[in-house]
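Dear colleague,

Please find the structure below, handed over for your consideration. An account of what was found in it follows.

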Amino acid sequence: RCRALGITRRNLGDFEVEYLCDYKRDEEFYLVKWRGYPEAANTWEPRKNLRCRGLLKQLHQDLARAPGGPVRPGPRGLPARTASYLVQKAEQRRALRRWERLLNSTRSHQGRIAVENEVDLHGPPRDFVYINEYKVGAGISLTPVAVGCECRDCLAEAGGGCCPGASHNKFAYNEAGQVRIRAGLPIYECNSRCRCGADCPNRVVQKGIRYDLCIFRTGNGRGWGVRTLERIRKNSFVMEYVGEIITSEEAERRGQVYDRQGATYLFDLDYVEDVYTVDAAHYGNISHFVNHSCDPNLQVYNVFIENLDERLPRIALFATRPIRAGEELTFDYNMHGTAPCPTRPPLTMRDSPSAMGLGGQGGTRCGWGCCGGGHVPPPCTVL
């Protein structure tokens with residue numbers, strides 16, 4: 001058989017196991033799909049010939065999770081349905097790895113993105129384009145900031161001439177870059193016209209995502225979610241909510257379409273008035289996949305950097321508490337407490353009768369009483 005495949009001692013290392021697609025337990029034989037070769041070239045190999053511990057472990061984990069599992073192989077191998085499932089899982093992982101590489105080649109931020117689905121056979125989402133900043137929609141223009149601060153030490157001079165003080169607002173950060181103002185107050189960062197450099201303590205959100213994060217498939221019916229792969233300190237910046245900026249009129253039109261589809265990603269920029277909306281349905285970053293919680297670990301802040309139009313804030317998410325590595329990231333879609341004064345409503349996700357969740361996930365189901373384990377009462381009906 002080796003000769004038929006063209007395998008010799010000289011080129012033995014050229015043959016790599018791509019995945020394992022069948023298993024005979026009694027004889028401890030595995031059906032191997034060889035990387036770069038068609039399925040017709042698959043061969044049964046004894047366990048002793050395989051030096052791919054990760055793939056072997058993965059195979060047995062997949063058998064435990066297979067439909068009707070855990071599945072025990074027969075003398076001739078696995079049931080046809082299970083063998084087909086193993087191939088589908090292998091193809092899914094291959095598609096997710098391609099998507100992961102695409103995300104990481106597209107991102108402009110320091111933090112890497114991992115992708116994982118050990119729950120079902122869902123692959124990468126369709127019609128989603130990863131972007132790093134707002135995509136400005138038709139009929140909307142951003143006015144670049146015209147002036148910047150002249151500070152040599154923005155933290156020391158925060159009370160007067162620096163960007164926050166110039167707009168009669170508080171300096172938002174401490175020396176470690178952690179937000180120190182309450183939710184609802186705006187953040188004014190230094191901009192491209194400021195005299196200070198890249199190490200200025202008033203440049204936080206503009207530096208982008210610093211933490212390694214993972215898009216993963218949740219196991220309780222909430223679809224995709226995001227978890228951190230690193231420990232995050234309390235009050236640290238985690239990510240922005242970005243998407244396509246559209247007018248409220250366009251948002252109403254799209255909202256009707258999204259409601260029929262059972263999900264929406266419309267985020268009203270109603271800091272001072274409801275004129276613009278962020279639509280992250282087709283253009284967005286990793287925040288597109290963050291789920292709702294009534295007890296979130298992220299809080300929304302309005303941020304102004306290169307554009308000072310209060311109708312067009314950037315939406316930044318900061319940690320409300322220390323977050324452990326491996327913990328899921330969530331925010332309250334209803335954005336309680338973000339309003340700077342009683343006359344200004346909080347930033348809100350647009351309501352949807354189906355309450356599918358930010359990722360179109362089939363209900364928020366955050367586990368807290370307000371969500372009722374899948375049924376979402378009005379305060380949490382957010383997409």
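**Cysteines**

C163 is buried, with a relative accessibility of 12%. The model is a predicted one, and 0 disulfides are present in it. C163 accordingly takes part in no disulfide, and the nearest cysteine sulfur, which belongs to C194, lies 3.4 Å away. Since a disulfide requires the two sulfur atoms to be within 2.5 Å, the 3.4 Å between C163 and C194 does not qualify. C200 is likewise in no disulfide; its nearest cysteine sulfur is that of C154, at 3.5 Å. C200 also counts as buried, at 7% relative accessibility.

**Overall composition**

The protein chain contains 5 helices and 19 strands. Of its 383 residues, 52% are buried. Among the contacts with a separation of 6 or more, 67% are between residues 24 or more positions apart.

**Aromatic pairs and charges over rings**

There are 11 aromatic pairs in the structure. One of them joins Y301 and F318 in an edge-to-face arrangement, with 5.2 Å from centre to centre and 75 degrees between the planes. Y301 belongs to strand β16 (residues 298–304) and F318 to strand β17 (residues 314–319), so this pair ties together parts that lie 17 residues apart in sequence. Y301 is buried, at 7% relative accessibility, and F318 is buried as well, with a relative accessible area of 0%.

Ring pairs also link four residues, W99, F128, W224 and F289, into a cluster. W224 has a further neighbour to be noted: R217 lies over the face of its ring, 5.1 Å from the ring centre. Another arginine, R227, lies over the face of F216, at 4.4 Å from the ring centre.

**The loop after β17**

R227 appears again in connection with G326, a residue of the loop between β17 and β18 (330–331). Leaving aside residues up to four places away in sequence, G326 touches R227 and T228. G326 and T228 are 98 residues apart in sequence, yet their C-alpha atoms are 5.4 Å apart in space. With 46% relative accessibility, G326 counts as partly exposed.

**Helix α2**

Helix α2 spans residues 53–65, 13 residues in total. From its first C-alpha to its last it reaches 19 Å, which is close to the 18 Å expected at 1.5 Å a residue. Which residues of α2 are buried? They are L56, L59, D62 and L63. These residues cover an arc of only 125 degrees around the axis, and therefore lie on the same side of α2. The spacing has a general background: an α-helix has 3.6 residues a turn, so residues three or four places apart point the same way.

The buried residues of α2 pack against three elements, namely β1 (17–24), β2 (29–34) and α3 (80–106). On the face turned away from this buried side, α2 carries the exposed residues R53, G54 and K57.

**Points to view together**

When you open the model, the cysteines C163 and C194 may be viewed alongside C200 and C154, with sulfur distances of 3.4 Å and 3.5 Å respectively. R227 may be viewed with both F216, over whose face it lies, and G326, which touches it. For α2, the buried side with L56, L59, D62 and L63 may be set against the face that carries R53, G54 and K57.

With kind regards

Definitions and conventions. Residues are numbered from 1 along each chain as its sequence is written. This is a predicted model: local features need pLDDT of at least 70, side-chain atom pairs count only at pLDDT 80 or more; totals for chains, interfaces and linings use all residues. Side-chain values use heavy atoms; hydrogens and water are left out. Rings of Phe, Tyr and Trp (its six-membered ring) pair if their centres lie within 6.5 Å; planes under 30 degrees apart count as stacked, over 60 as edge-to-face and the rest as tilted. Helices (H or I, at least four residues) and strands (E, at least two) are DSSP runs, numbered from the N terminus. Buried means under 20% relative accessible area, exposed over 50%, partly exposed in between (1.4 Å probe, protein chains only). A charge sits over a ring if NZ of Lys or CZ of Arg is within 6 Å of the ring centre and within 35 degrees of the ring normal. The expected span of a helix is 1.5 Å times one less than its number of residues. The arc is that of the directions from the helix axis to the C-beta atoms. Contact means heavy atoms within 4.5 Å.
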